[in-house]
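I'm opening a fresh page for a structure I haven't looked at before. My plan is to jot down what I look up, entry by entry.

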Amino acid sequence: NGGSSYTCASGNYKSGTACPGTGTSDTQKCASCANGGSSYTCTAGNYKSGSACTGTGTSDTQKCTACVNGGSSYTCTAGNYKSGTACSGTGTSDTQKCTICGNVLNGKYGCSGGWYMTGSTCDGTKTSDTQTCTKCAAHPNCASANTGIQCIGTLYACNTCNGAYYLNSSSICAKCGSHSNCKTTTTG
């Protein structure tokens, strides 16, 4: 192991002591570094948190650290989406990031007044924010819409209706029918 210079091959570290010339045995020992030896890789779900063994050090510096958010499976908790990349074992930092999804009302997926839900709840497995909202449309028969409240389906609730329509119990304008005792009706 190097004679008077005492070095080990790449992927190893010096686990003995240099031969001073006065001993009766070879004390210049080498030990293999963990996590891939000379190639230094970690298993999937981990990242390299040390440095490669060059053969000149006296300890194994090839350390691996588990990536957060699921290790090798890489998942985020509900209400979040995956905004990073899976740790392959070859990188030098934890890339398994999670980001909180938007459009949350009272602790769950919901939209504010004047908007309705058009996506799906973030379950922690997707790679984008799926909790989307779309602006409500005005009901075609509203004379004026209540744009400050929650939508009814995909439409705003109505305050008043156009002629020949009435405001029903769901705040939607419904077409008027003919009165049973009318000889003629004014449909306007």
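**Entry 1: one residue to start with**

Is Asn-12 buried or exposed? I looked it up in this predicted model, and Asn-12 comes out as buried, because its relative accessible area is 18% and the cut-off for buried is under 20%. I also checked where Asn-12 sits, and that is strand β1.

Next I wanted to know which residues Asn-12 is in contact with, leaving aside its neighbours within four places in sequence. My list reads Cys-30, Ala-31, Ser-32, Cys-33, Cys-53, Thr-54 and Gly-55.

**Entry 2: the chain as a whole**

I stepped back to the full chain. How many helices and strands does the protein chain have? I noted 0 helices and 14 strands. Read from the N terminus, the elements run β-β-β-β-β-β-β-β-β-β-β-β-β-β. The radius of gyration is 35 Å, while the globule rule gives 16 Å for 188 residues, so the chain is more spread out than a compact globule.

The spans along the principal axes went into the notebook too: the C-alpha trace covers about 125 × 20 × 20 Å. Buried residues make up 28% of the 188 residues. For the accessible surface I wrote down about 10900 Å², with 51% of that belonging to carbon and sulfur atoms. I also looked at contacts between residues at least 6 apart in sequence, and 34% of these join residues at least 24 apart.

**Entry 3: disulfides**

A reminder to myself: a disulfide is a covalent bond between the sulfur atoms of two cysteines. How many disulfides does the count come to? It comes to 8, and I went through some of them.

One of them joins Cys-8 to Cys-30, with 2.0 Å from S to S. The torsion about this S-S bond is about -90°, so I marked the disulfide as left-handed. Cys-8 lies in the segment before β1 and Cys-30 in strand β2 (residues 30–32), so the pair ties together parts that are 22 residues apart in sequence. I looked up how covered the two ends are: Cys-8 is buried at 9% relative accessibility, whereas Cys-30 is partly exposed at 30%.

Another joins Cys-76 to Cys-98, again with 2.0 Å from S to S. Its torsion is about -90°, so this disulfide is left-handed. Cys-76 lies in the loop between β4 (64–66) and β5 (80–82), and Cys-98 is in strand β6 (residues 98–100), so the link spans 22 residues of sequence. Cys-76 counts as buried at 8% relative accessibility, and Cys-98 counts as partly exposed at 27%.

I also followed the disulfide from Cys-101 to Cys-122, where the S to S distance is 2.0 Å. With -100° about the S-S bond, this link is left-handed. Cys-101 is in the loop between β6 and β7 (104–105), Cys-122 is in the loop between β9 (115–117) and β10 (133–135), and the two are 21 residues apart. Here Cys-101 is buried, with a relative accessible area of 3%, and Cys-122 is buried at 2%.

**Entry 4: two cysteines that don't reach**

Why does Cys-19 have no bond to the closest cysteine sulfur? That sulfur belongs to Cys-30 and is 11 Å away, which is too far for a bond. I noted Cys-19 as partly exposed, with a relative accessible area of 36%.

Cys-176 went down next. Its closest cysteine sulfur is in Cys-161, 8.1 Å away, and that is too far for a bond. Cys-176 is partly exposed, at a relative accessible area of 38%.

**Entry 5: rings and charges**

I searched the whole structure for aromatic pairs and found 0. Then I tried charges over rings. The charged end of Lys-14 sits over the ring of Tyr-6, 5.1 Å from its centre. For Lys-48, the ring beneath the charged end is that of Tyr-40, with 5.1 Å to the centre.

**Entry 6: back to the start of the chain**

My last look was at Ser-5, which is found in the segment before β1 (12–14). Ser-5 counts as partly exposed, because its relative accessibility is 49%. I paired Ser-5 with Thr-56: they are 51 residues apart in sequence and 9.8 Å apart in space, C-alpha to C-alpha.

Conventions: Residues are numbered from 1 along each chain as its sequence is written. This is a predicted model: local features need pLDDT of at least 70, side-chain atom pairs count only at pLDDT 80 or more; totals for chains, interfaces and linings use all residues. Side-chain values use heavy atoms; hydrogens and water are left out. Rings of Phe, Tyr and Trp (its six-membered ring) pair if their centres lie within 6.5 Å; planes under 30 degrees apart count as stacked, over 60 as edge-to-face and the rest as tilted. A charge sits over a ring if NZ of Lys or CZ of Arg is within 6 Å of the ring centre and within 35 degrees of the ring normal. Helices (H or I, at least four residues) and strands (E, at least two) are DSSP runs, numbered from the N terminus. Buried means under 20% relative accessible area, exposed over 50%, partly exposed in between (1.4 Å probe, protein chains only). Contact means heavy atoms within 4.5 Å. The radius of gyration is taken over C-alpha atoms; the globule rule is 2.2 Å times the number of residues to the power 0.38. Accessible areas come from the Shrake-Rupley method with a 1.4 Å probe; for residues, only the protein chains shown count as cover. A disulfide is a pair of cysteine sulfur atoms within 2.5 Å.
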